Amino acid sequence: MAHKTLSAPIRTALVGFGIAGQVFHAPLLAHNAHFQLEVIVTRDAARIQSAQQRYPQARILADWASLLQQIDSGDLQIDLIVLATPPGLHAQQARDASARGIHLVVDKPFAANANEAEQMIADAERANTLLTVFHNRRWDGDFLTLKRLLADEALGQVRTFESRFEWWRPEGFGNWRDRVTLAEGGGLLLDLGSHLIDQAIQLFGPVTEASAELTRYSSPDLSDSDEATFVSLLHENGVRSRLWMNGMAARPAPRFHLLGSRAAFTSWGLDNQEPLLASGMLPGDAAYGVTPEALWGTLGEGDETRAVAAERGDYPAFYQQLAHALLDGGAPPVDAREALTVLRLINDLHARFKVRNA
């Protein structure tokens with residue numbers, strides 16, 4: 001079903017001003033002239049101050065109930081709500097937004113479980129509104145580079161794909177992620193696995209077999225969620241994807257490592273758009289998303305390798321495509337049903353493989 005279209009500017013409310021809201025959504029929205037950031041919802045005093053300084057035109061509200069009250073009273077006209085809140089809150093918030101005919105961007109993880117995500121999609125379809133999920137890692141520079149190499153068949157027939165999000169943070173995230181249970185949408189499999197599994201499916205298609213190893217090192221009294229995770233996927237085309245998520249890796253392994261029938265590709269380090277945005281760099285800066293040549297990945301076989309020019313990272317493309325969808329009726333940047341497929345796979349892994357306390 002086609003969703004209803006809008007006229008510019010797209011009046012937007014950003015709900016949540018933690019890492020997702022501050023670092024990703026707010027700068028990308030402010031960069032795109034099709035969007036007008038009308039409201040930021042946060043109750044934290046430091047975040048309120050930051051929001052007021054950086055986005056003085058935006059109204060600051062303390063909580064979700066206040067946002068709904070002002071919408072219902074007519075004090076606010078909102079076309080789009082961006083949910084940058086913990087996944088356990090997404091289902092009810094999405095239900096409230098769809099009931100009011102408001103379009104939605106939902107940060108990943110899409111929801112705490114697939115049943116909630118299915119209901120969110122059904123609610124949006126009944127309301128004839130657009131619902132999309134912020135799988136921004138589809139626009140990582142290294143991922144775009146990898147897509148180019150595969151399109152050019154530079155590796156021959158791909159046999160195995162390794163992908164990792166690893167860092168050294170033994171003290172934990174320092175936020176809600178350290179305390180949230182699996183039932184509430186916690187754990188690295190849901191949080192980072194949403195990105196890595198989505199990328200693998202985007203590259204190599206549907207999955208026929210999946211297994212996982214889920215480990216927790218911190219006290220199980222704090223949470224039952226996984227902190228170090230390995231996932232193995234067998235795709236219909238025969239490619240084997242091996243995915244690692246680990247916040248307690250004292251030394252990282254390659255970000256990407258692909259083995260093909262003719263060549264291999266290896267790259268190190270995470271895409272730089274998040275740290276650039278966190279440092280205050282604007283998406284329109286000439287250096288935004290550019291990977292220094294010293295950090296380019298390598299392609300080759302045996303001892304014969306060459307550096308491969310990295311594609312520029314392009315998170316702004318998400319909101320540019322969203323604007324086209326909302327204003328002109330185009331396709332959303334991420335089909336919510338693709339995000340649901342990822343969530344179903346994660347739910348299946350959680351059901352079959354339990355977290356081991358190490």
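This note goes through the predicted model point by point, from its parallel sheet to individual residues.

1. **The open sheet.** Six strands make up an open sheet, and their order across it is E3-E2-E1-E4-E5-E6, with parallel pairing. The edges are strand E3 (59-61) and strand E6 (131-134), each of which pairs on one side only. On average, neighbouring strands of this sheet are turned by 25 degrees against each other, direction ignored.

2. **Pairing around E5.** Strand E5 (residues 103-107) runs parallel to strand E4 (residues 80-83), and four bridges join the two. One residue of this pairing is Leu83, whose bridge partner in E5 is Val106. Four bridges also join E5 to E6, and these two strands again run parallel. Here Val105 stands opposite Thr132 in E6. A student may find it helpful to locate these two residue pairs in the structure.

3. **The edge strand E6.** Are the faces of E6 covered or open? Both faces are covered: Leu131 and Val133 on one side, and Thr132 and Phe134 on the other, are all buried. E6 is nevertheless an edge strand of the sheet, pairing on one side only.

4. **A helix across the sheet.** Helix H10 (residues 316-328) lies across strand E1 (10-15), strand E2 (35-41), E4, E5 and E6. Relative to E6, the helix runs at about 180 degrees.

5. **The nonpolar core.** In soluble globular proteins, nonpolar side chains tend to be buried together. In this model the largest nonpolar core has 105 residues. Which residues have the most contacts inside it? They are Leu67, Ile81, Phe110, Phe161 and Tyr319. Beyond its neighbours within four places in sequence, Phe161 is in contact with a number of residues, including Leu146, Ala200, Leu203, Phe204, Val239, Phe256, His257 and Leu258.

6. **The annotated region.** An unreviewed UniProt entry lists residues 143-265 as "domain: GFO/IDH/MocA-like oxidoreductase". Over these residues the chain is 20% helix and 33% strand. The C-alpha atoms at the two ends of the region are 12 Å apart.

7. **Arg164.** This residue lies in strand E7 (residues 158-166). Is Arg164 buried or exposed? Arg164 counts as buried because its relative accessibility is 10%, and the cut-off for buried is under 20%. Its side chain reaches the backbone oxygen of Pro254 at 3.4 Å. Apart from neighbours within four places in sequence, Arg164 is in contact with Leu196, Trp244, Ala253, Pro254, Arg255 and Leu270.

8. **Thr266.** Strand E12 (residues 264-267) contains Thr266. With a relative accessibility of 16%, Thr266 therefore counts as buried. A polar contact of 2.8 Å joins its side chain to that of His257. Not counting residues up to four places away in sequence, Thr266 touches Pro254, Phe256, His257, Gly297 and Thr298. Pro254 also appears among the contacts of Arg164, and His257 among those of Phe161.

9. **Val355.** The place of Val355 is in strand E15 (residues 355-357). Because its relative accessibility is 21%, Val355 counts as partly exposed. What separates Val355 from His257? Their C-alpha atoms are 26 Å apart, and the two residues are 98 residues apart along the chain. Leaving aside neighbours within four places in sequence, Val355 is in contact with Leu182, Leu214, Thr215, Arg216, Asp224, Ser225 and Asp226.

Note on methods:
Residues are numbered from 1 along each chain as its sequence is written. This is a predicted model: local features need pLDDT of at least 70, side-chain atom pairs count only at pLDDT 80 or more; totals for chains, interfaces and linings use all residues. Side-chain values use heavy atoms; hydrogens and water are left out. A nonpolar core is a set of buried Ala, Val, Leu, Ile, Met, Phe, Trp, Tyr and Cys residues joined through side-chain atoms within 4.5 Å. Buried means under 20% relative accessible area, exposed over 50%, partly exposed in between (1.4 Å probe, protein chains only). Contact means heavy atoms within 4.5 Å. A polar contact is a pair of N or O atoms within 3.5 Å; within protein, one must be able to donate a hydrogen and the other to accept it, and residues adjacent in sequence count only if both atoms are side-chain atoms. Two strands pair if DSSP finds at least two bridges between them. Axes are lines fitted to C-alpha atoms, for helices over the stretch in contact, and angles run from 0 to 180 degrees between N-to-C directions. UniProt positions are given in the numbering used here, feature names are shortened, and annotations may be inferred rather than shown by experiment.
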